[in-house]
Amino acid sequence: MPTPSPERFRASPSWVWGRVARRMRLLRHPRVVVSNAAPEWVVENNVAVPTRDGANLRVNVYRPTGTEPVPVILSAHPYGKDAIPANTRSGRGINRQYRIMPQPETVHCSAWTGWEAPDPAFWVPRGYAVINADARGAGASDGTGELFSAQEADDYEDLISWAGTQPWSTGKVGLEGVSYLALSQYGVASRNPEHLAAICPWEGFTDLYRDFVWPGGVRENGFSVMWAVLTSRAARLTPPLRRALAAHPTRDAWYRERTPEIEKIAVPMLVCGSFSDHNLHSRGSFEAFRRVGEAAADPAPKWLYTHRGGKWSTYYGQEAAQVRARFFDHTLRGLDNGWDALPSVRLAVHETGAAPAAVSGEASWPPAGLTVRELCLDVASGTLSEGSVLTPAASRLRLRGPGLEWRWRLAEDTDIIGPAALRLFLSVEGCPDLSLFVGLRKISAGQVVPFEGSFGFDRAWMSYGWQRAGYRAPDPNLATPLLPVHRFDDLTRLSPGDVVPVDIELREHATRMRAGDELRLVVRGKWHHSRNPFTGQFPAGYRAQRRGAAVIHTGPDNPALLRVLTRPTPGEDAAAGDPWLG
């Protein structure tokens with residue numbers, strides 16, 4: 001049965017050349033403004049911090065003048081604490097990633113800001129000390145580092161102890177930063193060291209295998225390769241990072257040992273969950289909010305900040321910075337600023353692009369009051385519907401072809417919020433296994449609506465999912481009907497002709513649909529976007545099956561369905577204002 005192929009975006013020559021011109025312009029003049037005004041604070045460079053095994057880590061300390069003790073904002077990473085604009089020839093040099101991953105808004109920071117690290121020019125005038133630390137094996141620190149390891153958590157614990165016992169410190173330490181500077185917080189925070197008072201992991205995955213390197217059991221061979229090569233050049237690491245990430249196709253002991261026990265974290269947490277980073281940090285950030293504190297005897301409060309903007313333009317933007325300042329003012333300085341009375345979730349709902357259509361406060365994630373909608377797939381008509389499909393049918397999916405698409409037209413204004421789960425029934429032709437790439441996209445007035453995505457890609461869809469069909473065993477501790485989490489420890493080959501169920505987890509999002517808009521489910525055997533640096537999602541890439549086909553079955557014996565969470569779009573009065581700004 002010939003289920004419709006997805007409608008392709010038709011790029012005119014003028015659009016393509018416009019994208020090329022945009023890329024070349026941003027390569028030369030990225031949207032970054034660096035201030036290098038002389039700091040009016042105390043700066044101490046390359047201070048030695050001894051660790052429990054005798055190695056010295058080196059840190060840069062930025063703190064207010066005077067003798068009054070202040071709380072500490074700390075970050076540690078392998079990227080080099082001295083790789084800051086102030087140390088370049090012009091005093092305004094920036095990291096090369098700003099040139100290859102465009103931001104939707106201009107990034108503003110000072111010349112003393114480390115890569116993805118807190119900006120001292122923001123924090124020190126507010127009465128904080130900022131510490132930027134070289135992790136073991138990085139920059140001026142001793143030794144050889146091992147990322148995601150217990151050794152890294154040991155070192156971070158020693159840094160927290162040192163920062164909390166200095167004469168200029170109040171003894172309260174908070175952890176802050178983006179990406180690796182976020183995810184490295186979980187391991188040490190699960191130990192709940194004495195002076196650690198709060199953490200703010202701003203977009204950081206929690207499961208190296210599931211969230212990043214092998215999503216759905218599918219090998220990521222784009223950004224992960226680039227990141228491994230560049231990080232290995234910036235720091236002395238063992239084992240060789242690129243080789244190690246690829247050497248373990250299952251979620252074996254090597255990956256499990258590098259997964260932090262986030263359930264044990266018992267300090268206050270503000271976590272950023274991005275709807276625009278599905279290829280990297282989104283899944284892990286929402287997992288952190290769900291699971292942090294579950295195994296703690298006295299769990300601390302936690303908050304979730306969502307957005308669908310650029311990673312760095314949002315982090316260094318004034319609104320997000322004010323939110324983090326309010327969080328740390330409450331948790332590190334004890335200020336009665338109303339933070340503890342805020343709703344737990346700041347939910348940004350997006351209709352298109354990077355700017356939210358509405359922002360609301362919610363008590364939980366996913367928000368209460370959502371309706372589970374079970375949309376049945378029908379390959380005979382290419383539709384999604386809430387009624388049962390009574391007629392059995394099947395459609396062939398060529399793994400190197402354009403894919404298959406199903407459509408659901410919305411009859412009223414609706415917000416679709418949270419994760420989604422897809423169950424397919426399939427058999428294979430010409431291959432013992434295959435990888436599936438799933439996408440949800442919004443169609444309005446006949447056009448694909450673009451959103452901000454990973455790596456500065458501004459034509460992303462609503463949500464994405466990955467799944468290798470041979471991994472079908474659910475994780476008994478984590479899997480739910482809306483989160484079909486797999487163990488990824490045992491790959492089962494498929495026999496030709498056997499119809500098997502395959503469950504696919506789709507990433508979190510919050511999207512506003514208007515009456516008449518369509519939700520389209522796309523299933524392919526390859527990644528949805530090209531790696532073309534001008535028009536595609538460079539450098540994202542995933543290993544796909546080269547040969548064979550899948551046959552997708554629907555009908556009463558094979559009830560394929562998509563589960564989503566929805567609620568009616570609130571009125572404009574209910575959608576106005578941001579409850580977290582104050």
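Which elements do the buried residues of α10 pack against? In this predicted model, the partners are α5, α6 (208-213), β9 (269-274), β10 (302-307), β11 (345-349) and β21 (500-513). Helix α10 itself spans residues 282-291, and ten of its ten residues are buried, so the helix is largely enclosed by the rest of the structure. The buried set takes in Ser282, Arg283, Gly284, Ser285 and Phe286, and it continues through Glu287, Ala288, Phe289, Arg290 and Arg291. Just after α10, glycine 293 takes a positive phi of about 90 degrees.

From this helix, it is natural to turn to the nonpolar interior. In soluble globular proteins, nonpolar side chains tend to be buried together. Here the largest nonpolar core has 125 residues, and Trp227 and Leu270 are those with the most contacts inside it. With its neighbours within four places in sequence left aside, tryptophan 227 is in contact with Tyr79, Leu147, Phe148, Tyr180, Phe212, Leu241 and Leu245. Apart from the largest core lies another, of 41 residues, and Leu384, Leu410, Leu440 and Leu521 are among them.

The interior also holds empty space. A search of the whole structure finds six cavities of 30 Å³ or more. The largest cavity has a volume of about 260 Å³. Its lining is made up of 28 residues, and Glu116, Phe223, Leu280, Lys311 and Trp312 lie nearest the centre. Three helices, α5 (180-189), α7 (223-234) and α11 (311-315), each supply at least two residues of this lining. Sorted by class, the lining of the largest cavity has twelve nonpolar, eleven polar and five charged residues.

The second largest cavity contains about 150 Å³ of space. Around it are 16 lining residues, of which Ala76, Ala135, Arg136, Glu152 and Asp155 lie nearest its centre. The elements that give two or more residues to this lining are β4 (70-77) and α4 (150-164). Of these, α4 provides five residues, the largest share of the lining. The lining of the second largest cavity divides into seven nonpolar, five polar and four charged residues.

Pockets can be described in a similar way. The second largest pocket has a volume of about 650 Å³. It is lined by 26 residues, and the closest to its centre are Tyr79, Asn95, Arg96, Gln97 and Trp115. Tyr79 is thus a lining residue of this pocket and also one of the contacts of tryptophan 227. Two or more residues of the pocket lining come from each of α2 (97-100) and α7. The largest share, seven residues, is given by α7, a helix that also supplies at least two residues to the lining of the largest cavity. By class, the pocket lining has 15 nonpolar, eight polar and three charged residues.

A closer look at a single residue completes the picture. Serine 190 lies in the loop between α5 and β8 (196-202). Is serine 190 buried or exposed? Its relative accessible area is 15%, which is under the 20% cut-off, so serine 190 is buried. The side chain of serine 190 reaches the backbone oxygen of glycine 187 at 2.7 Å. Not counting residues up to four places away in sequence, serine 190 also touches Glu261, Lys264 and Ile265.

Definitions and conventions
Residues numbered from 1 in each chain as written. Predicted model: local features only at pLDDT ≥ 70, side-chain atom pairs only at ≥ 80, totals over all residues. Heavy atoms only, no water. 1 Å grid on protein atoms, 1.4 Å probe; cavity = no way out; pocket = protein on both sides within 12 Å on 5 of 7 lines; lining within 4 Å. Points joined across faces, edges and corners; volume = space filled by probe spheres on them. Helix = DSSP H or I, 4+ residues; strand = E, 2+ residues; numbered from the N terminus. Nonpolar A, V, L, I, M, F, W, Y, C, P; charged D, E, K, R; others polar. Buried < 20%, exposed > 50% of the residue type's maximum accessible area, 1.4 Å probe, protein only. Contact = heavy atoms within 4.5 Å. Core = buried A, V, L, I, M, F, W, Y, C linked by side-chain atoms within 4.5 Å. Polar contact = N/O pair within 3.5 Å; in protein donor to acceptor, adjacent residues only side chain to side chain.
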